[in-house]
Amino acid sequence: MSETRIESTTRTATSTPATSEPAVADEASPRPEWTAPMVRPRERRPRSGWRSSAYTISGGHWNPGLSAKEAHERDREARIATQLRGRHVTAFFCLKGGISKTSTTAATSIALADLRPDPVFAIDANPDAGDLAERVVGAKLAGISRLARDVEKVTSLDELSRYTATSGRLTVLPGEPNPTLGNSLSSRDFENIMRVVQRYYSFVQIDCGTGVTHPLMAGILRFANTVVIPAAWSITGAKRAAESIEWLEDNGFEHLARTCIVVLTAKDIVSKSVDKEAVTQHLWKAGDLIVVPSDPHVADGALLEWDQLKPATREAYLDIAAAITGRFGRHHR
């Protein structure tokens, strides 16, 4: 019988004993680098319009992609949901009252709470019978003065909740309906309240009063990272907003003045005699200038329900929310 001979394909000249050191690649020969993604990027699924219908009817086989409008909305939602590292405090502040400051605080806080992964906490720090709770939960409540009195006893989130109210994912610390009690609050009271609140909440929105000389304001602005200044399409509304920016500049809060967000709200039909371009130019120092259109649901002063707002009004409040989160991580000081 002939013997079958199997020849080894191993070249002994290049084989390496098991006990030898690993071979070192020639430095001159480049290593392959994998730069291509392992998974192909997927087109985002449309949520509205004919594009969404086409995706659904085709069982996902045809994805026409997002319209420019929906792409903008989705990108804005992503900006609003930006991860917060550390803490952020937004103060809604203006030298003039009656220009939708509380409405802006309420609607913007609702927008943030609905889209953010972390909880949002809103404080009514208006010493003159603030009504933030009425706009958010539809009830006239008291909270801030009681919490200031009992602050040393609050050692848990459950105990803090005895002084707050909630609407959806938004938690509110109501103001003080009694102006006498509200005026008795001090800067130290506010600092003690914030010390407790920030144990459990990193993102805080504050509805301020109009009195910049009130002791509360010094405490509020020491905590603030961003200031939102409500204004109106009127000569006095524009002037008070500009003066609010100047007051911040002149009183050691240049970092807040430089990055402030001015919100122009049309409470009713704007007089034809008002030069809108002149108003916006007067507010040139604003970091951002956002216009909220006239909306009867905002103007009525009752419980603010997101679904009852006009689409253009919701868009404006979402723009304010995105402008606030766009300031996360900025080193103002």
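Student: Is Glu305 buried, partly exposed or exposed?

Tutor: This is a predicted model. Glu305 sits in the loop between α13 (296–299) and α14. Its relative accessibility is 41%. Buried needs under 20% and exposed needs over 50%, so Glu305 counts as partly exposed.

Student: How far apart in space are Glu305 and Arg135, C-alpha to C-alpha?

Tutor: Start with the sequence. Glu305 and Arg135 are 170 residues apart there. In space, C-alpha to C-alpha, the separation is 8.6 Å.

Student: Is Ile206 buried or exposed?

Tutor: Ile206 belongs to strand β5 (residues 203–208). The cut-off for buried is under 20% relative accessible area. Ile206 has 0% relative accessibility, so it counts as buried.

Student: Which residues is Ile206 in contact with, leaving aside neighbours within four places in sequence?

Tutor: Take them in sequence order. There are Val89, Thr90, Ala91 and Phe92. The rest of the list for Ile206 is Ile123, Ala125, Phe190 and Ile220.

Student: What separates the C-alpha atoms of Ile206 and Ala106?

Tutor: Along the chain, Ile206 and Ala106 are 100 residues apart. Their C-alpha atoms are separated by 9.8 Å.

Student: At what angle do helix α8 and helix α9 pack?

Tutor: Two packed helices are described by the angle between their axes and the distance between the axes. Helix α8 covers residues 187–200 and helix α9 covers residues 215–223. Their axes are 7 Å apart, and the angle is about 35°.

Student: Is the crossing of α8 and α9 left-handed or right-handed?

Tutor: First see who meets whom. Ser187, Phe190, Glu191, Met194 and Gln198 in α8 meet residues of α9, including Pro215, Leu216 and Ile220. By class, this contact has seven nonpolar, three polar and two charged residues. The crossing of α8 and α9 is right-handed.

Student: Is α2 parallel or oblique to α14?

Tutor: Helix α2 spans residues 68–80, and helix α14 spans residues 311–325. Their axes come within 8 Å and cross at roughly 45°. That angle makes α2, relative to α14, oblique.

Student: How many charged residues does the contact of α2 with α14 have?

Tutor: From α2 come His72, Glu73, Arg76, Arg79 and Ile80. From α14 come Glu315, Leu318, Asp319, Ala321, Ala322 and Thr325. The contact has four nonpolar and two polar residues, and the charged ones number five.

Student: How is α3 oriented to α14?

Tutor: Helix α3 runs over residues 101–115. The axes of α3 and α14 come within 9 Å and cross at roughly 70°. Angles of 65 to 115 degrees fall in one class, so α3 is to α14 roughly perpendicular.

Student: How many nonpolar residues are in the contact of α3 with α14?

Tutor: Residues of α3 such as Ser103, Ala107 and Leu115 meet residues of α14, among them Tyr317, Leu318 and Ile324. The contact of α3 with α14 has no charged residues and four polar ones. The nonpolar count is nine.

Student: What share of the residues count as buried?

Tutor: The chain has 14 helices and eight strands. Its length is 333 residues. The share that counts as buried is 44%.

Student: Over which residues is the pLDDT below 50?

Tutor: The mean pLDDT of the chain is 82, and 79% of its residues reach 70 or more. One stretch falls below 50, and beyond near neighbours in sequence it has zero contacts in the model. Where pLDDT is low, the predicted coordinates should not be read in detail. The stretch is residues 1–20.

Notes: Residues are numbered from 1 along each chain as its sequence is written. This is a predicted model: local features need pLDDT of at least 70, side-chain atom pairs count only at pLDDT 80 or more; totals for chains, interfaces and linings use all residues. Side-chain values use heavy atoms; hydrogens and water are left out. pLDDT is the predictor's confidence in each residue, from 0 to 100. Contact means heavy atoms within 4.5 Å. Axes are lines fitted to C-alpha atoms, for helices over the stretch in contact, and angles run from 0 to 180 degrees between N-to-C directions. Helices (H or I, at least four residues) and strands (E, at least two) are DSSP runs, numbered from the N terminus. Angles under 35 degrees count as roughly parallel, over 145 as roughly antiparallel, 65 to 115 as roughly perpendicular and the rest as oblique. Ala, Val, Leu, Ile, Met, Phe, Trp, Tyr, Cys and Pro count as nonpolar, Asp, Glu, Lys and Arg as charged, and the others, Gly among them, as polar. Buried means under 20% relative accessible area, exposed over 50%, partly exposed in between (1.4 Å probe, protein chains only). A crossing is left-handed if the near helix is turned anticlockwise from the far one by less than a right angle, and right-handed if clockwise.
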